[in-house]
Amino acid sequence: MTSDNDRRRGLLARLRGRPVARSRGRRRLGAAVRLIAALTLAGGAYTVFAPGVQAQENPPLTGAAAEGKALFDVSCVTCHGRNAQGVDGRGPSLVGVGAASVEFQVGTGRMPMARQEAQAQRKPPVFTDEQVRQLAQYVQELGGGPQVPEGHLREGADLATGGELFRINCSQCHAFGGGGGALSSGKFAPSLRPASDRQIYAAMLSGPQNMPVFGDNQITPEQKADIIAYIQETLKHDQDQGGFNLGRYGPSTEGLAAFLFGIIALVFASLWIAGKS
């Protein structure tokens, strides 16, 4: 009797356990099916939408930028890299510097550089104005950045306000007459006389060499126009009614000239007095 009871209990236990086992198996199978379906859906969505995202991240270049890239690949890749990412020891990255920096550096002949120096020297530009714009557009479309606005840059400018802003922000380095001046470590602030309107505007936006960046938050576009008008219409046409400008470098050249001419005058005066006595 005991063995029959044990067999009956074991049979009942197995019968009771089957639905539980089947229920767990079904849940696991359902979870696996749902996981596979989710992965399939995610993979399909990526396949459908990924090409569109990539196309948005790498839009085609405009016509001017494409021409600029052709010039860049011939003249600039040695120092700035195939994708303008820069080359260690040769040239910095150009991604994000904007068209303004290119217009200043290339438009003034500072780039391409003949050799590595403390400061890039102004020289006759290698590229035409149109080619400079094309290079600038290519760099602009690479990573954005400050850009010189189109049109007349000093229309409606105030010369008096421009003079005040120039004396506050620019004269410390470029001198009150715009003739430039020496800085530390072999660098210098260049003369403003050969600079065009766009080059001055680009320099304020990009801050080349030791020059600080004067963004629109520091000096508004209207104030930039005032400064440009003051430089172009006042400093470049000053008749130096006080006498010789002596390079417009300030009291250094004036003091040196006064010392030399004064010493010579005193020597001749002494000789004349000695001869008379």
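**Exercises on two pockets and two helices**

Helix 4 supplies the largest share of the lining of the largest pocket, namely four residues. Keep in mind as you work that this is a predicted model.

**Exercise 1.** Describe the largest pocket by its volume, its lining and the residues nearest its centre.

*Solution.* Start with the volume, which is about 720 Å³. Next, look at the lining: 33 residues take part, and His80, Pro92, Leu94, Met111 and Met113 are the ones nearest the centre. Now trace the lining back to the secondary structure. Two or more residues come from each of helix 2 (63-75), helix 3 (77-80), helix 4 (98-107) and helix 5 (129-143). Finally, sort the lining by class: 19 residues are nonpolar, eleven are polar and three are charged.

**Exercise 2.** Do the same for the second largest pocket, and find which helix gives the most to its lining.

*Solution.* Here the volume is about 540 Å³. Of the 32 lining residues, His174, Pro190, Leu192, Ala203 and Met211 are closest to the centre. The elements that each supply at least two lining residues are helix 6 (159-169), helix 7 (171-174), strand 2 (188-189), helix 8 (197-206) and helix 9 (221-233). Helix 8 gives the most, with four residues. By class, you should arrive at 20 nonpolar, ten polar and two charged residues.

**Exercise 3.** Work out how the buried residues of helix 6 are arranged around its axis.

*Solution.* First pick out the buried residues of helix 6: Gly162, Gly163, Leu165 and Phe166. Then look down the helix axis. These buried residues fall within an arc of 170 degrees, so they line one face of helix 6. Turn to the other side of the helix, and you find Ala160 and Ile168 exposed. As for partners, the buried residues of helix 6 pack against helix 7 and helix 9. One last detail sits at the start of helix 6, where a side-chain oxygen of aspartate 158 comes to within 3.0 Å of the backbone nitrogen of alanine 160.

**Exercise 4.** Decide whether glutamine 134 counts as buried or exposed, and list its contacts beyond its neighbours within four places in sequence.

*Solution.* Begin by locating glutamine 134, which lies in helix 5. Its relative accessibility is 13%. The cut-off for buried is under 20%, so glutamine 134 counts as buried. Now set aside the neighbours within four places in sequence: glutamine 134 is in contact with Ala64, Ala65, Glu67, Gly68 and Leu71.

Technical notes
Residues numbered from 1 in each chain as written. Predicted model: local features only at pLDDT ≥ 70, side-chain atom pairs only at ≥ 80, totals over all residues. Heavy atoms only, no water. 1 Å grid on protein atoms, 1.4 Å probe; cavity = no way out; pocket = protein on both sides within 12 Å on 5 of 7 lines; lining within 4 Å. Points joined across faces, edges and corners; volume = space filled by probe spheres on them. Nonpolar A, V, L, I, M, F, W, Y, C, P; charged D, E, K, R; others polar. Buried < 20%, exposed > 50% of the residue type's maximum accessible area, 1.4 Å probe, protein only. Arc of directions from axis to C-beta. Contact = heavy atoms within 4.5 Å. Polar contact = N/O pair within 3.5 Å; in protein donor to acceptor, adjacent residues only side chain to side chain.
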